[in-house]
Amino acid sequence: MPDVEVVMRSCPLLAGFPEEAFLEGAAMARIRHFSAGDPIYDRGSMQSTLCVIASGTVRINSVNAAGREATLIIFDSGSWFGDTVFSPGMPRVYGATAHDDAVIVELPGEGFRKLMARYPESYSVALDLVSRRLWSAMSIIEDDALRGVTARIGRRLLFLAEIQGVPTASSEPVILKLTREQLANMMGMTRQGVHSRIKDLEHLGLLALSYGQITVCSPRELQAHIQSLD
């Protein structure tokens with residue numbers, strides 16, 4: 001059983017809260033367990049809870065009328081999802097599924113919004129991080145329109161690293177728990193198209209490939225290489 005306060009403290013979105021807010025938040029939170037492949041919530045649902053991953057990974061997805069699933073992003077431990085918590089009354093734009101066995105700390109939307117209102121010093125941190133997500137999403141749209149395939153793949157990997165809290169200026173390795181198939185699905189490409197490009201990046205020493213994961217050896221060096229491709 002995870003310590004709810006520890007999980008909340010690991011979440012960057014909540015970093016602006018004072019000590020007493022974590023105690024109040026932990027009192028209203030509930031812990032939910034999911035097996036790999038279990039839906040956490042569906043697209044269009046009217047839930048407004050904020051979810052923080054205690055363990056495991058979660059994929060945010062979209063499913064078309066024919067039942068074909070597209071993976072949009074994969075979140076790791078300490079990440080939050082359920083941004084509609086900031087827009088009560090709006091349906092979920094995307095679905096969320098346990099990518100592997102996952103434990104989630106869930107904060108009720110109304111209670112979370114009241115908590116922020118009681119501790120307004122939390123707003124600056126939350127607004128900054130939500131803005132960064134919006135900026136990252138806009139950057140992906142720009143990449144799709146203006147960059148070549150290798151640069152798009154590298155940028156997407158850097159985006160996933162940033163979601164885990166690792167800035168592009170870092171020279172430390174970051175492990176991304178996704179397969180080449182999942183990366184291809186995320187980008188709307190074939191596995192073969194993605195595989196050849198990431199093998200090229202591996203030969204340059206920028207990536208390390210192993211079963212079920214891709215390691216960005218140095219986000220800073222990968223970013224420099226992408227810029228050289230422009």
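# Strands, helices and cores

Me: Over how many bridges do strand 1 and strand 8 (residues 102-107) pair in the antiparallel sense?

Reply: Strand 1 and strand 8 (residues 102-107) are antiparallel partners, where pairing requires that DSSP find at least two bridges between the strands. Strands (E, at least two residues) and helices (H or I, at least four) are DSSP runs numbered from the N terminus. Within this pair, Arg30 stands opposite Glu106 of strand 8. The number of bridges joining strand 1 to strand 8 is 5.

Me: What kind of model is this?

Reply: Residues are numbered from 1 along each chain as its sequence is written, and side-chain values use heavy atoms, with hydrogens and water left out. Local features need pLDDT of at least 70, side-chain atom pairs count only at pLDDT 80 or more, and totals for chains, interfaces and linings use all residues, the model being predicted.

Me: Which strands stand at the edges of the open sheet of 4 strands?

Reply: The order in this open sheet is 1-8-3-6, and its pairing is antiparallel. Each edge strand has a single partner strand, so one of its sides is left without a neighbour in the sheet. The edges are therefore strand 1 (30-34) and strand 6 (80-81).

Me: By what angle, on average, are neighbouring strands turned against each other in the open sheet of 3 strands?

Reply: This sheet has the order 9-11-10 with antiparallel pairing. Strand 9 (174-176) and strand 10 (207-210) are its edges, each with a single partner strand, so one side of each lacks a neighbour in the sheet. With direction ignored, the average turn between neighbouring strands is 20°.

Me: Which residue in strand 11 does Leu209 stand opposite?

Reply: Strand 10 and strand 11 (residues 213-216) run antiparallel and are joined by 4 bridges. Across this pairing, the residue opposite Leu209 is Ile214.

Me: Is strand 4 (residues 58-63) largely enclosed or exposed, and how many of its residues are buried?

Reply: Strand 4 pairs in the antiparallel sense with strand 5 (residues 69-75) over 6 bridges, and likewise with strand 7 (residues 95-98) over 4 bridges. Val63 has Glu69 of strand 5 as its bridge partner, while Arg59 stands opposite Thr97 of strand 7. Buried means under 20% relative accessible area, exposed over 50% and partly exposed in between (1.4 Å probe, protein chains only). Strand 4 is largely enclosed by the rest of the structure because its buried residues number 5 of the 6.

Me: How is helix 4 (residues 123-146) oriented relative to helix 5 (residues 149-163)?

Reply: The two axes come within 10 Å and cross at roughly 170°. Axes are lines fitted to C-alpha atoms, for helices over the stretch in contact, and angles run from 0 to 180 degrees between N-to-C directions. Angles under 35 degrees count as roughly parallel, over 145 as roughly antiparallel, 65 to 115 as roughly perpendicular and the rest as oblique. Helix 4 is therefore, with respect to helix 5, roughly antiparallel.

Me: How many charged residues does the contact of helix 4 with helix 5 have?

Reply: Contact means heavy atoms within 4.5 Å. Residues of helix 4 including Arg133, Ile140 and Asp143 meet residues of helix 5 including Arg156, Phe159 and Ile163. Ala, Val, Leu, Ile, Met, Phe, Trp, Tyr, Cys and Pro count as nonpolar, Asp, Glu, Lys and Arg as charged, and the others, Gly among them, as polar. Beside 4 nonpolar and 2 polar residues, the number of charged residues in the contact of helix 4 with helix 5 is 7.

Me: How far apart in space are Ile140 and Phe159, C-alpha to C-alpha?

Reply: Ile140 counts as buried because its relative accessibility is 17%. Leaving aside neighbours within four places in sequence, Ile140 is in contact with Arg156 and Phe159. Ile140 and Phe159 are 19 residues apart in sequence, and their C-alpha separation is 8.6 Å.

Me: Which helix gives the most to the largest nonpolar core?

Reply: A nonpolar core is a set of buried Ala, Val, Leu, Ile, Met, Phe, Trp, Tyr and Cys residues joined through side-chain atoms within 4.5 Å. The largest has 42 residues, and Val58, Phe81, Ile104 and Leu183 have the most contacts inside it. With 8 residues, the helix that gives the most to this core is helix 5.
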